[in-house]
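Biologist: I'd like a close look at one spot in this protein, and then a walk from there through the rest of the fold. Take your time with it.

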Amino acid sequence: MDDTRWMAAAVALAERTRGRTAPNPNVGCVIVDAHGRVAGRGWTQAGGRPHAEAAALAQAGARARGATAFVTLEPCAHVSPRGPACSDLLIAAGVARVVVALRDPDPRTDGQGIARLRAAGIEVATGVGEDAARRTMAGFLTRRRAARPLVALKLAVSLDGAAAMADGRSQWITGAGARAHAHLERSRHEAILVGRGTWEADRPRLDVRLAGLEHRGPVRVVLSSRDEGLPDNVVRIASPHGIAALPGDHVLIEGGMATAAAFLRAGLVDRLLLYRAPIVIGGGRTLPDIGLADLGQAHGRWRLHDARQLGSDRIEVYEAG
């Protein structure tokens with residue numbers, strides 16, 4: 001059985017509810033029967049329940065007996081008022097083997113789910129597809145590790161690095177394809193943040209305007225030292241470190257440049273979404289100082305994870321090193 005292939009399928013399922021499952025992780029599960037056919041698929045549902053394993057087992061039914069379950073995160077070992085432990089469900093279903101990408105950092109499970117499966121005579125393999133699973137659950141893992149959500153910074157720039165014209169106008173640097181992709185990214189984050197200047201200048205809607213995903217509108221957040229002039233349905237934080245109190249595990253920063261620089265200066269950006277348009281502005285606005293003492297500090301900070309064309313524009317996704 002091709003463990004890598006099936007785990008990749010489980011990771012793809014986990015992506016379906018990224019940004020929708022907090023405080024639970026977004027997990028994917030594929031159950032493959034002894035004949036190499038998919039018996040069940042599942043992913044953590046919005047709000048965190050049911051878990052991926054429970055959904056996949058419900059779909060598989062009796063075909064789960066003797067099958068292999070591919071799970072992106074160690075099956076939980078604790079019983080919750082919202083549902084049973086997934087390790088117990090897998091044991092009761094009679095699966096023969098469980099392949100796990102990542103061990104669960106939650107102290108209620110951490111290693112105990114795997115131990116319980118093995119004690120029941122189930123073969124367990126670990127570490128398959130670990131990097132991909134870690135990336136898709138990065139928000140949950142960041143919250144566990146750093147007690148804050150994962151922060152993605154979106155920048156739309158020209159070929160000469162300008163994010164706006166000299167007078168501040170920035171609509172639109174990128175085209176329709178890139179803007180649609182940005183709305184998809186909004187749907188994967190529980191909160192979206194702009195600075196006070198951007199809020200006052202543009203009054204951005206900060207919602208999701210893609211058919212079928214409108215309900216995924218994130219919490220709107222403004223970085224500002226004062227409450228005056230902000231509507232009741234907008235959350236204010238006074239400093240970048242205020243993100244720790246925001247709901248969910250993913251925050252998307254969309255503007256402006258001073259706000260972007262403030263988060264970079266504080267070392268709170270985990271992912272860069274760089275949308276690059278094939279235009280030259282000249283004399284435009286760029287990032288202000290982010291606290292670099294010399295160029296040596298800039299090298300090695302970011303690694304390219306993905307790059308693709310979006311019509312005439314290009315997106316590059318960088319992750320903090």
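Let's start with one glycine: where does G212 lie?

Modeller: Before anything else, keep in mind that this is a predicted model. G212 lies in the loop between helix 8 and strand 8. With a relative accessible area of 51%, G212 is exposed, because the cut-off for that is anything over 50%. For a sense of distance, take A52: G212 is 160 residues away from it in sequence, and their C-alpha atoms are 22 Å apart in space.

R203 also lies in the loop between helix 8 (196-202) and strand 8 (219-223). Its relative accessibility is 48%, so R203 counts as partly exposed, with the line for exposed drawn at over 50%. R203 has a backbone quirk as well: its phi is near 45°, a positive value in a residue other than glycine. As background, most residues other than glycine have a negative phi, and most peptide bonds are trans.

A147 breaks that habit too, with a positive phi near 55°. You'll find A147 right after helix 6, in the loop between helix 6 and strand 6. On the peptide-bond side, there are two cis bonds to look up. One runs from A22 to P23, with omega near 10°, and P23 sits in the loop between helix 1 (3-14) and strand 1 (28-32). The bond from R49 to P50 is cis as well, with omega near -5°, and P50 is in the loop between strand 2 (38-43) and helix 2.

From the loops, let's head inside. T259, in helix 9 (residues 257-265), has 7% relative accessibility, so it counts as buried. Setting aside neighbours within four places in sequence, T259 touches L193, V194, G195, L223 and I253.

L102 is another residue to look at, this one in strand 4. Its relative accessibility is 4%, so L102 is buried. Again leaving out neighbours within four places in sequence, L102 is in contact with T72, L73, E74, E130, A133, R134, M137 and L141. A163, on the other hand, is 61 residues from L102 in sequence and 38 Å from it in space, C-alpha to C-alpha.

L141 from that contact list takes us to helix 6. The buried residues of helix 6 (residues 138-146) are A138, G139, F140, L141 and T142. What covers them includes strand 3 (68-73), strand 4 (97-102), helix 5 (130-136), strand 6 (150-157), strand 10 (250-255) and strand 11 (271-276).

Now for the helix packing, with helix 3 as the common partner. Helix 2 (residues 52-60) and helix 3 (residues 86-93) have axes 9 Å apart and pack at an angle of about 20°. That angle makes helix 2 roughly parallel to helix 3. The crossing of helix 2 past helix 3 is left-handed. At this contact, E53, A54 and L57 of helix 2 meet C86, L89, L90 and A93 of helix 3. By class, that gives 6 nonpolar residues, no polar ones and 1 charged.

Helix 3 also packs with helix 4 (residues 112-119): their axes come within 9 Å and cross at roughly 20°. That angle makes helix 3 roughly parallel to helix 4. The crossing of helix 3 and helix 4 is right-handed. From helix 3, S87, D88, L90 and I91 meet G113, R116 and L117 from helix 4. The contact of helix 3 with helix 4 has 3 nonpolar, 2 polar and 2 charged residues.

L90, which showed up at the helix 2 contact and at the helix 4 contact, leads to the core. In soluble globular proteins, nonpolar side chains tend to be buried together. Here the largest nonpolar core has 39 residues, and M7, I31, L90, V95 and V98 are those with the most contacts inside it. Beyond its neighbours within four places in sequence, V95 is in contact with L57, A64, G66, A67, L90 and I122. Another core lies apart from the largest one; it has 22 residues, among them A191, L264, V269 and L272.

Note on methods
Residues numbered from 1 in each chain as written. Predicted model: local features only at pLDDT ≥ 70, side-chain atom pairs only at ≥ 80, totals over all residues. Heavy atoms only, no water. Buried < 20%, exposed > 50% of the residue type's maximum accessible area, 1.4 Å probe, protein only. Helix = DSSP H or I, 4+ residues; strand = E, 2+ residues; numbered from the N terminus. Contact = heavy atoms within 4.5 Å. Axes fitted to C-alpha atoms, helices over the stretch in contact; angles between N-to-C directions. Parallel < 35°, antiparallel > 145°, perpendicular 65-115°, else oblique. Left-handed = near helix turned anticlockwise from the far one by under 90°. Nonpolar A, V, L, I, M, F, W, Y, C, P; charged D, E, K, R; others polar. Core = buried A, V, L, I, M, F, W, Y, C linked by side-chain atoms within 4.5 Å.
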